[in-house]
Amino acid sequence: MHVLRGLSRRRFLAGLGAAATLPWWASFAAGAPAAITRAIPSSGERIPAIGMGTWITFNVGGDEALRAQRAEILRLFFERGGGMIDSSPMYGSSQAVVGDCLRRLGYPAGLFSATKVWTLFDGDGPEQIREARSLWGVERFDLMQVHNLLNWEDHLATLRRQKAEGGIRYIGVTTSHGRRHAELERILRDEPLDFVQLTYNILDREAEQRLLPLAAERGVAVIANRPFRRKQLFRLFQDKPLPPWAGEIDCANWAQFFLKFIVSHPAITCAIPATSQVPHMAENMGALYGRLPDARLRERMVRYAEAL
Amino acid sequence: MLPYTADVWFGVIARYHQAHEIVAAAAALAGVAALALTFLRAVSVTRIISALLAAGWLWIGVVFHYQTFATLNFAAPVYALLFVAQSVLLAITGVARGRLDLRFAGGVAGAGALALGAAALVALPVADLTAGQGLNAARIALMDPTPTAALTLALLLAARAPARHLAVLPLAWSVVAGTTGWILDIPQDLWLSVACGVAAVAVFVRGHATRRQASSNADH
């Protein structure tokens with residue numbers, strides 16, 4: 001009882017209030033607010049819900065100044081808790097640039113390497129994977145995907161073989177722009193996969209009807225590409241105000257609004273926005289923290305976006 | 001949608017020019033020479049002009065598309081094949097067989113050809129420069145694909161005997177360049193491609209008319 005001597009009722013209640021906020025306060029005091037992560041259904045491994053794409057943005061060839069700038073973007077990405085980097089042989093020099101940037105950064109521990117096989121000829125698949133490993137400078141990829149379902153039957157067989165041999169951790173397939181959803185649905189039903197990648201954003205929500213529920217049912221992780229419709233969402237909304245209730249989900253800008261809508265869907269594992277600008281990376285990674293909308297607020301977000 | 005931005009595209013061109021400075025200077029001179037030679041009367045100038053064009057198309061196919069641009073664009077190896085094919089056509093038709101007559105024909109077609117030639121040799125690099133791409137990225141006929149296609153069509157249009165088969169691949173590249181200009185917002189490429197399209201049509205029309213005239217003369 002001696003510890004309570006001199007403690008007024010007001011002081012006691014203030015102390016109780018402070019204690020109630022302790023976890024949130026403690027995490028900031030520790031300098032590391034908890035990032036939003038999602039479990040990969042096939043393994044239970046958790047990865048950050050915001051990753052990074054490299055279509056166009058990292059295809060800078062041999063330009064040293066641009067490569068250095070991209071390394072800064074990656075540094076910020078990892079600093080803010082990012083994990084998945086997604087690329088493809090189709091993206092020109094992106095894989096080489098990513099590899100160069102990773103070497104400059106010393107291969108951050110949080111890296112989740114994801115790329116694709118993209119060739120018409122199944123015989124070329126293994127060589128393309130080997131080349132990708134060399135470009136990235138990694139011994140094995142976390143995720144290898146069949147890009148845009150190109151010759152998926154043959155390439156999936158290659159990926160399964162390599163996964164069994166330990167050369168790949170996860171396998172998947174991709175589509176984009178809402179194309180070939182019927183075929184993707186058949187693949188999801190019939191083929192054992194760890195990941196699918198498809199287009200899903202606040203305006204392109206077709207995947208909600210069948211693919212996302214099916215992926216959840218089949219225990220397949222989902223990566224959302226084109227989260228901003230290749231900047232089109234910003235062009236549509238940049239002059240419009242954020243809704244006054246955006247603060248309820250800790251959104252300070254449209255990038256976070258769009259990304260939190262995506263990653264709040266229970267079937268989505270990760271969104272992969274691409275950017276070539278450091279300030280935009282900072283905005284994107286802000287979506288990895290704070291509150292996410294529930295189902296009711298998601299509906300409200302859609303209504304708000306469509307009304308604009 | 002292309003896998004690169006306009007800035008990256010011009011950055012590649014600038015480094016390509018810097019890596020091959022002597023060739024760039026030679027190409028600039030060769031382009032002007034090719035246009036100037038059309039005003040000479042000697043029949044042999046056609047072989048010289050054809051050789052200059054063939055060398056340019058070959059260089060671009062191998063060094064630019066295959067070795068340089070392919071790092072940015074997965075379609076570049078296909079473009080390389082097209083450019084090498086055009087080089088072979090020029091070499092066979094214009095140099096080996098001497099079946100072209102690229103001497104200046106004058107008239108409306110000649111005037112149009114001079115305008116297109118000036119666009120390829122002067123207007124396009126000036127437009128690149130004024131668009132803020134820097135001197136190194138200012139494109140050069142017989143070194144870079146788009147002004148080379150334009151210069152080739154200009155020479156074919158100015159010719160006394162237009163060779164239609166040699167206009168096909170330059171026209172195809174003009175479509176590619178125009179589409180690229182549209183997507184990447186490079187207006188000078190879009191406008192030059194439109195001009196190339198008009199020139200190609202004129203080459204086909206003049207070539208057809210010349211052939212019919214030649215057949216008619218033969219009948220008589």
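Here is a short conversation about the interface and pockets of a predicted two-chain model.

Visitor: Hello! What should I know about the model before we start?
Guide: Residues are numbered from 1 along each chain as its sequence is written, and chains are lettered from A and ligands numbered from 1 in the order in which they are written. Side-chain values use heavy atoms, without hydrogens and water, and in this predicted model local features need pLDDT of at least 70, side-chain atom pairs count only at pLDDT 80 or more, and totals for chains, interfaces and linings use all residues.

Visitor: How many residues of chain A are in contact with chain B?
Guide: Contact here means heavy atoms within 4.5 Å. On the chain B side ten residues take part, and on the chain A side the number is 13.

Visitor: Which three residues of chain A supply more of its buried area against chain B than any other three?
Guide: Buried area is the accessible area (1.4 Å probe) that two parts lose on being put together, summed over both. The two chains bury about 950 Å² between them, with 65% of it on carbon and sulfur atoms. Of the area that chain A buries, 45% is supplied by W55(A), I56(A) and N59(A).

Visitor: Which residues form the salt bridge across the interface?
Guide: The rule asks for a side-chain nitrogen of Lys or Arg within 4 Å of a carboxyl oxygen of Asp or Glu, and across this interface it finds one such bridge. Its closest N and O atoms are 3.4 Å apart, and the partners are R15(B) and D63(A).

Visitor: Which residues lie nearest the centre of the largest pocket?
Guide: A pocket is an open set of points on a 1 Å grid over the protein atoms alone, where a 1.4 Å probe fits, with protein on both sides within 12 Å along at least five of seven lines; lining residues have an atom within 4 Å of a point. This one has a volume (the space filled by probe spheres set on the points) of about 1,200 Å³. Among its 50 lining residues, those nearest the centre are W55(A), I56(A), T57(A), R230(A) and K231(A).

Visitor: Which helix gives the largest share of the lining of the second largest pocket?
Guide: About 470 Å³ of space lies in that pocket. Its 17 lining residues include F74(B), one of the closest to its centre. With helices taken as DSSP runs (H or I, at least four residues), the largest share, five residues, comes from helix 5 of chain A.

Technical notes
Helix = DSSP H or I, 4+ residues; strand = E, 2+ residues; numbered from the N terminus.
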